[in-house]
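Biologist: I have a structure to go through with you. Shall we take the strands before the core?

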Amino acid sequence: MKTFLRKQLFLIIVAGFVFGLFGFLYSAGSFNQKSVSLNSIQSDTELLAVNTTTPDQQEQTNSQPPVRLKIPSINVDAAIEHVGITPEGAMDVPKARDNVAWFSLGTSPGENGSAVIAGHRGYKVGGAAFDDLNKLRKGDKLHVENTLGESVSFVVRESRVYDAGAYAPEVFTSDNGIHLNLVTCVGVWDESRKIYTERLVIFTDRIE
């Protein structure tokens, strides 16, 4: 019942989302941990849109929460924070730039559907978890560990770049299969709006 309510809440909350769910500041080695509203974004990592017409997902009550993301080809070994929605209608942010954020109101990595993990990048001083996400190529592998120490593996299928305001429900949902999609920002830094102009999404499929 809890899982069902969580997924119903997910479908309702994310109905109006566009690329404005994360609030990060691009500054001299610092960032803002407070998410911002859909129309006042200060971001270097933002997510995408989904609607309420997506197919019902199969009930899965045995999945364990993810705790770590590993991407050997770009030297990522990051703790996974579980984030939800702020009162402003935004997806909350990782507390640390070296961590990544899993949208816990959506699909869990390893479940049917599309799980979403996003991370920081682009700081002028110091590194962040997804600085090299753009270097991933088709066939690269990544692994998600859960609270029991079990690992679910995925392989990169493709990457896409979207405009910052694009509507892209395919990032959060899928008709079939088990997927994990990674999101960060790319493009040109718009100093006046404090955002990047584009979003990079890495689409991956579970390795059976």
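Biologist: Which residue in β2 does I71 stand opposite?

Modeller: Bear in mind that this is a predicted model. β1 covers 66-71, and β2 covers 76-83. These strands are joined by 4 bridges and run antiparallel. Across from I71, in β2, stands V76.

Biologist: Which residue takes a positive phi in the hairpin of β1 and β2?

Modeller: The hairpin has 4 residues between its strands. A positive phi near 60° turns up there, and the residue that takes it is N75.

Biologist: How do β2 and β3 run, parallel or antiparallel?

Modeller: I80 of β2 stands opposite V100 in β3. The two strands are joined by 4 bridges. Their direction is parallel.

Biologist: Which strand gives the most to the largest nonpolar core?

Modeller: That core has 25 residues. L69, I71, I117, F130 and L182 touch the most other members. Strands β1 to β8 each supply at least two residues. With 4 residues, the one that gives the most is β7.

Biologist: Which residues does I71 touch, leaving out those up to four places away in sequence?

Modeller: I71 belongs to the largest nonpolar core. Contact here means heavy atoms within 4.5 Å. On that basis, the list is V76, F130, L136, K141, L142 and L182.

Biologist: How many residues are in the other core?

Modeller: This core lies apart from the largest one. Its members include L105, A168, V171 and F203. The number of residues is 12.

Note on methods:
Residues are numbered from 1 along each chain as its sequence is written. This is a predicted model: local features need pLDDT of at least 70, side-chain atom pairs count only at pLDDT 80 or more; totals for chains, interfaces and linings use all residues. Side-chain values use heavy atoms; hydrogens and water are left out. A nonpolar core is a set of buried Ala, Val, Leu, Ile, Met, Phe, Trp, Tyr and Cys residues joined through side-chain atoms within 4.5 Å. Buried means under 20% relative accessible area, exposed over 50%, partly exposed in between (1.4 Å probe, protein chains only). Two strands pair if DSSP finds at least two bridges between them.
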